[in-house]
Amino acid sequence: MVGETTSSSLQIKPPARGNLITILSIDGGGVRGIIPGIILAFLESELQKLDGEDARLADYFDVIAGTSTGGLITAMLTAPNQENRPLYAASGIKPFYLENCPKIFPPRSGIFGTIVNLFKVLTGPKYDGKYLHNLLKNVLGDKRLHQTLTNVVIPTFDIKKLQPTIFSSYQVAINPALDAKLSDICIGTSAAPTYLPAHYFENQDDQENNEEFNLIDGGLAANNPCLVAISEVTKQVFNKNPDFFPIKPMDYGRFLVISVGTGSAKEEYKYTAKMAAKWGVLGWLYDNGSTLLSPRVSGGPRCC
């Protein structure tokens, strides 16, 4: 594909047409999503040296998967614009985070800020999420899961069903109710408990039956969505999807996987039964015990 710069020539071909199944996986991690943003911008710039400035990551990966902030990046890289090309280049992720994260997580400092933060923690989510919700609805509009320019996999967790809900391009034909707006999916996968409110929405299937979703952070299902993406692909191989057949189901040598994290937490929390035996309700919630109930240990706001 070297030297080809037209959008039609850059469109990715089915895995059966090549030697590899390519998967990009982006972890959750809140404002630290700026880390994969920088890494992916570098990767895309190197690909553009080979295939021209119009090249985008969605042109190279059969599947892009993301959880929480990684789900938002996934949507940014795969949602179509008016020219049916990716809404954002990878180079646009860093500026997006720098501009919007301070507004999503407005800082509160000083004694008064500490009191407000404590009150928020005890009475509801620390942030109301209104800016994030409006931002995603404005950026992604009415675009739905089936419209992404390559296959995507975005894990969430449904607190009513008490089980993961995986928004997968491959599952839309089987369960049309999963063909939700990308904005709703991104709001749901980033709704970290104690930080942002759970997200409720309804979506219709082919028979115009409403299915409801009660979603919180996808990190409760898979903060690193790599294995979820591989599982989705493996199902297609087993079901002899013509895009994948005749790849053998266990031929994992054909998988090319790039899994991008969001860094490590500043502190590693360790607990013993002796420590936890002394915790009451406030201990579990406030004496570092809240990290056990959260989607993952983090040094700052978990979602964006």
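Begin the tour by selecting valine 257, which lies in strand 7; helices (H or I, at least four residues) and strands (E, at least two) are DSSP runs, numbered from the N terminus. With a relative accessibility of 31%, valine 257 counts as partly exposed, where buried means under 20% relative accessible area, exposed over 50%, and partly exposed in between (1.4 Å probe, protein chains only). Add leucine 20 to the selection: valine 257 and leucine 20 are 237 residues apart in sequence, yet 9.7 Å apart in space, C-alpha to C-alpha.

The model is a predicted one, in which local features need pLDDT of at least 70 and side-chain atom pairs count only at pLDDT 80 or more, while totals for chains, interfaces and linings use all residues. Residues are numbered from 1 along each chain as its sequence is written, and side-chain values use heavy atoms, with hydrogens and water left out.

**The nonpolar patch**

Next, select tyrosine 252, in the loop between helix 9 (226–238) and strand 7 (255–260). Tyrosine 252 is partly exposed, at 38% relative accessibility. Show Phe238 and Met250 as well: with Tyr252 they make a nonpolar surface patch of about 350 Å². Patches are made of residues with over 30% relative accessible area and no salt bridge, like charges being joined within 9 Å and nonpolar side chains (Val, Leu, Ile, Met, Phe, Trp, Tyr) within 5 Å. Accessible areas come from the Shrake-Rupley method with a 1.4 Å probe; for residues, only the protein chains shown count as cover.

**The salt bridges**

The whole structure holds six salt bridges, each defined as a side-chain nitrogen of Lys or Arg within 4 Å of a carboxyl oxygen of Asp or Glu. Three of them can be visited in turn.

Remain on helix 9 and select lysine 235 and glutamate 232, whose side chains meet in a salt bridge (3.2 Å, N to O). Both residues lie in helix 9, three residues apart, about one turn of the helix. Lysine 235 is partly exposed at 38% relative accessibility, whereas glutamate 232 is buried at 4%.

Move to lysine 181 and aspartate 142, which form a salt bridge at 3.2 Å, N to O. Lysine 181 lies in the loop between strand 4 (163–168) and helix 7 (182–189), and aspartate 142 in the loop between helix 6 (130–140) and strand 3 (151–158), so this pair ties together parts that are 39 residues apart in sequence. Lysine 181 is partly exposed, with a relative accessible area of 28%; aspartate 142 is exposed, at 57%.

Then select glutamate 212 and lysine 160, a salt bridge whose closest N and O atoms are 2.3 Å apart. The pair links distant parts of the chain, 52 residues apart: glutamate 212 is in strand 6 (residues 210–216) and lysine 160 in the loop between strand 3 and strand 4. Glutamate 212 counts as partly exposed at 27% relative accessibility, and lysine 160 as exposed at 58%.

**The helix pairs**

Finally, display helix 2 (residues 34–51) with helix 4: their axes come within 8 Å and cross at roughly 155 degrees. Axes are lines fitted to C-alpha atoms, for helices over the stretch in contact, and angles run from 0 to 180 degrees between N-to-C directions. Helix 2 and helix 4 are therefore roughly antiparallel to each other; angles under 35 degrees count as roughly parallel, over 145 as roughly antiparallel, 65 to 115 as roughly perpendicular and the rest as oblique.

Replace helix 2 with helix 3 (residues 69–78), which packs with helix 4 (residues 93–104) at an angle of about 130 degrees, the axes being 11 Å apart. Helix 3 and helix 4 are therefore oblique to each other.
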